[in-house]
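User: I am new to this structure and would like to be walked through it by questions. Could you take me from one helix to the next?

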Amino acid sequence: MFQSNWPLSVQMLYLKGLLLNSELFSHLINFSMGIYTLFGLIVVGEKISKGNGVWAAALFSGIPMVVRFTGTGLVEIGFSFYGIFAIWMFLEFLEKNNPKFLILSGYFCGFIVSIKYTGVVYFIVLLLIYLLILVRERK
C-alpha cells in the first residue's frame, strides 16, 4: 500500500499556535494568509492589466472553497498564499531584472512544494517562462 505523507509545512505554523494553547491563533494564521493572498492578487492583477486586481481578488474571495477554508486549519489557503507571492516576485524580476526577486520567487516555490508536492507545477511553469525569455533574448 502506498502512503503519501505530505511535507506539512503549513501545519508547522499552526503548531506554534497550538503550543500557546490557542486554537484561535492557528486559525488566525490561516485567516491572515487569506487576507495577504487577496492583497497579492490585487497587486499581481494590477501588474498584468490595470484595473483587474480588485476583480481578481473579488472573484477569488467568492470561490466557495476559499470562503469555507479561510480561517480553518487546512493547507489550501497557504498554498494559494505562497503561489501568488511566487508569481508576484517573478513578475517583479521580469520588470526590474533584479535577481533578488528571482531568488524570492524560488523560495516561495519551495514553500509551495513544502505544502503539497503538486506545487512543483508552479516551479516548472515559472522555470519554463524564464527559459523561454532567455532563449528569446539570445536571438
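User: What covers the buried residues of α1?

Analyst: A word of caution comes before the reply, since this is a predicted model. In helix α1, which spans residues 9-19, the buried residues are V10, Y14 and G17, and seen down the axis they fall within an arc of 45°, so they line one face of the helix. On the other side of α1, K16 and L19 are exposed. The cover over the buried residues includes α2, α5 and α6, the last of these being residues 99-115.

User: How many helices and how many strands does the protein chain have?

Analyst: Read from the N terminus on, the elements of the protein chain run α-α-α-α-α-α-α. The secondary structure therefore comes, under the DSSP assignment of helices and strands, to 7 helices and 0 strands.

User: What share of the residues in the protein chain is buried?

Analyst: The C-alpha atoms fill a box of roughly 60 × 40 × 30 Å when it is taken along the principal axes. Among contacts between residues at least 6 apart in sequence, 61% join residues at least 24 apart. Of the 139 residues in the protein chain, the buried share is 32%.

User: At what angle do the axes of α1 and α2 cross, and which hand does the crossing have?

Analyst: The two axes come within 6 Å of each other and cross at roughly 145°. On the α1 side the contact is made by L13, Y14, K16, G17 and L18, and on the α2 side by E23, F25, S26, I29, N30 and M33; these residues divide into 6 nonpolar, 3 polar and 2 charged. The angle is thus given as roughly 145°, and the hand of the crossing is right-handed.

User: Is N21, in the loop between α1 and α2, buried or exposed?

Analyst: N21 follows α1 and is found in the loop that leads from α1 to α2. Its phi is positive, about 60°, although N21 is not a glycine. With a relative accessibility of 75%, N21 counts as exposed.

User: Which residue in the loop between α5 and α6 has a positive phi although it is other than glycine?

Analyst: The phi in question is near 55°, a positive value, and the residue that has it sits in the loop between α5 and α6. At 59% relative accessibility it counts as exposed. The residue is N97.

User: Are α2 and α5 roughly parallel or roughly antiparallel?

Analyst: Helix α2 covers residues 23-48 and helix α5 covers residues 76-96, and the two pack with their axes 9 Å apart at an angle of about 30°. Because angles under 35 degrees count as roughly parallel, that angle makes α2 and α5 roughly parallel.

User: How do the residues of the contact of α2 with α5 divide into nonpolar, polar and charged?

Analyst: The crossing of these two helices is left-handed. The residues that meet include M33, F39, L41, V43 and K47 in α2, and F81, I84, I87, W88 and E92 in α5. The residues of this contact divide into 15 nonpolar, 6 polar and 3 charged.

User: Which helices do the buried residues of α3 pack against?

Analyst: In α3, residues 53-61, the buried residues are G53, A57 and F60. Seen down the axis of α3, they fall within an arc of 65°, so they line one face of the helix, while V54, W55 and L59 on the other side are exposed. The helices against which the buried residues pack are α2, α4 (64-69) and α5.

User: How far is F79 from F108 in space, C-alpha to C-alpha?

Analyst: F79 lies in helix α5 and counts as buried at 17% relative accessibility. Leaving aside neighbours within four places in sequence, F79 is in contact with I112, I115, K116, T118, G119 and Y122. F79 and F108 are 29 residues apart in sequence, and in space their C-alpha atoms are separated by 9.9 Å.

User: By what distance are the C-alpha atoms of L127 and V66 separated?

Analyst: L127 has its place in helix α7, residues 120-138, and at 34% relative accessibility L127 counts as partly exposed. L127 and V66 are 61 residues apart along the chain, and the separation of their C-alpha atoms is 27 Å.

How values were computed. Residues are numbered from 1 along each chain as its sequence is written. This is a predicted model: local features need pLDDT of at least 70, side-chain atom pairs count only at pLDDT 80 or more; totals for chains, interfaces and linings use all residues. Side-chain values use heavy atoms; hydrogens and water are left out. Axes are lines fitted to C-alpha atoms, for helices over the stretch in contact, and angles run from 0 to 180 degrees between N-to-C directions. Helices (H or I, at least four residues) and strands (E, at least two) are DSSP runs, numbered from the N terminus. Angles under 35 degrees count as roughly parallel, over 145 as roughly antiparallel, 65 to 115 as roughly perpendicular and the rest as oblique. A crossing is left-handed if the near helix is turned anticlockwise from the far one by less than a right angle, and right-handed if clockwise. Contact means heavy atoms within 4.5 Å. Ala, Val, Leu, Ile, Met, Phe, Trp, Tyr, Cys and Pro count as nonpolar, Asp, Glu, Lys and Arg as charged, and the others, Gly among them, as polar. Buried means under 20% relative accessible area, exposed over 50%, partly exposed in between (1.4 Å probe, protein chains only). The arc is that of the directions from the helix axis to the C-beta atoms.
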